[in-house]
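Colleague: Please walk me through this model slowly, since I am new to reading structures.

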Amino acid sequence: MIDNSILFPQPIQAPAKPNQNGTKPAARNTGSSTPFAQVLDQKLPGQPVKLSQHAQERLKSRGITLSDADMKQLEGAVDSVAQKGGRESLILMGDAALVVSVKNRTVVTAMDRQGMKGNVFTNIDSAVFF
């Protein structure tokens, strides 16, 4: 009988050398956050949230108004989602449901409470409720 299994060798790692005080050095952080990603994450929070043309039309046609305080609250919600790694989020604010592209910091569409009933939200990976 022929053995068809493929073996992949494991890399050899040198043992950690003790420091001058005789202790082993701490393990390096090998998380997915690169220095570039860390700088980018620090720059993104606080950027204003924009409304797409489609979202502006939906807000107007559905009689939804967002005050300056609402926009600040929305920016905070987008910052929170961005820190958690969300990309497309449903944000429920009072009687409005907003679908936001977190990466672009843009409201993609909006609907009122009546429009939410029986509706299915797709292509979102997070939700925030206010």
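Modeller: Let me begin with a term: helices (H or I, at least four residues) and strands (E, at least two) are DSSP runs, numbered from the N terminus. This is a predicted model, in which local features need pLDDT of at least 70 and side-chain atom pairs count only at pLDDT 80 or more, while totals for chains, interfaces and linings use all residues. Residues are numbered from 1 along each chain as its sequence is written, and side-chain values use heavy atoms, with hydrogens and water left out.

Colleague: How many helices and strands does the chain have?

Modeller: There are four helices and five strands in the chain, and if you follow the sequence you meet them in the pattern α-β-α-α-β-β-β-α-β.

Colleague: And in what order do the strands sit in the sheet?

Modeller: Two strands pair if DSSP finds at least two bridges between them. On that basis the five strands make an open sheet with mixed pairing, in the order β1-β4-β3-β2-β5. At its edges are β1 (50–51) and β5 (126–129), each of which pairs on one side only.

Colleague: How do β3 and β4 pair?

Modeller: Strand β3, residues 96–101, and strand β4, residues 106–112, are antiparallel partners over six bridges, and across this pairing Ser-101 in β3 stands opposite Thr-106 in β4.

Colleague: Which helices pack on the sheet?

Modeller: Helix α2, residues 53–61, packs there and touches β1, β3 and β4, and its direction makes about 20° with that of β4. Helix α3, residues 68–83, also packs on the sheet, touching β2 (88–93), β3, β4 and β5, and makes about 145° with the direction of β2. Touching, or contact, means heavy atoms within 4.5 Å, and the angles run from 0 to 180 degrees between N-to-C directions, with axes being lines fitted to C-alpha atoms, for helices over the stretch in contact.

Colleague: Back to the hairpins, then: which residue takes a positive phi in the hairpin of β2 and β3?

Modeller: That residue is Gly-94, with a positive phi near 60°, in a hairpin that has two residues between its strands. The strands β2 and β3 are antiparallel and joined by six bridges, and Ile-91 stands opposite Leu-98 in β3. The hairpin of β3 and β4 has four residues between the strands, and there Arg-105 takes a positive phi near 50°.

Colleague: Which strands pair in the parallel sense?

Modeller: One such pair is β2 and β5, over four bridges, where Ser-89 stands opposite Ser-126 in β5. Another is β1 and β4, joined by two bridges, where Leu-51 stands opposite Val-107 in β4.

Colleague: New topic: why is β4 described as largely enclosed?

Modeller: Strand β4 is largely enclosed by the rest of the structure because five of its seven residues are buried. Buried means under 20% relative accessible area, exposed over 50%, and partly exposed in between (1.4 Å probe, protein chains only). Strand β2 is mostly covered as well, with five of its six residues buried, while for the chain of 130 residues the buried share is 26%.

Colleague: Which residues have the most contacts inside the largest nonpolar core?

Modeller: They are Leu-74, Val-78, Ile-91, Leu-98, Val-100 and Val-107, in a core of 18 residues. Two or more residues come from each of α2, α3, β2, β3 and β4, and the largest share, five residues, is given by α3. Apart from this core lies another, of six residues, including Leu-92 and Met-116. A nonpolar core is a set of buried Ala, Val, Leu, Ile, Met, Phe, Trp, Tyr and Cys residues joined through side-chain atoms within 4.5 Å.

Colleague: Is Leu-98 buried or exposed?

Modeller: Leu-98 counts as buried because its relative accessibility is 0%. This residue lies in strand β3 and, leaving aside neighbours within four places in sequence, is in contact with residues including Leu-59, Leu-66, Leu-74 and Ala-110.

Colleague: Last one: what joins the side chains of Asp-79 and Arg-105?

Modeller: A polar contact of 2.9 Å joins them; such a contact is a pair of N or O atoms within 3.5 Å, where within protein one must be able to donate a hydrogen and the other to accept it, and residues adjacent in sequence count only if both atoms are side-chain atoms. Asp-79 is found in helix α3 and is buried, with a relative accessible area of 16%.
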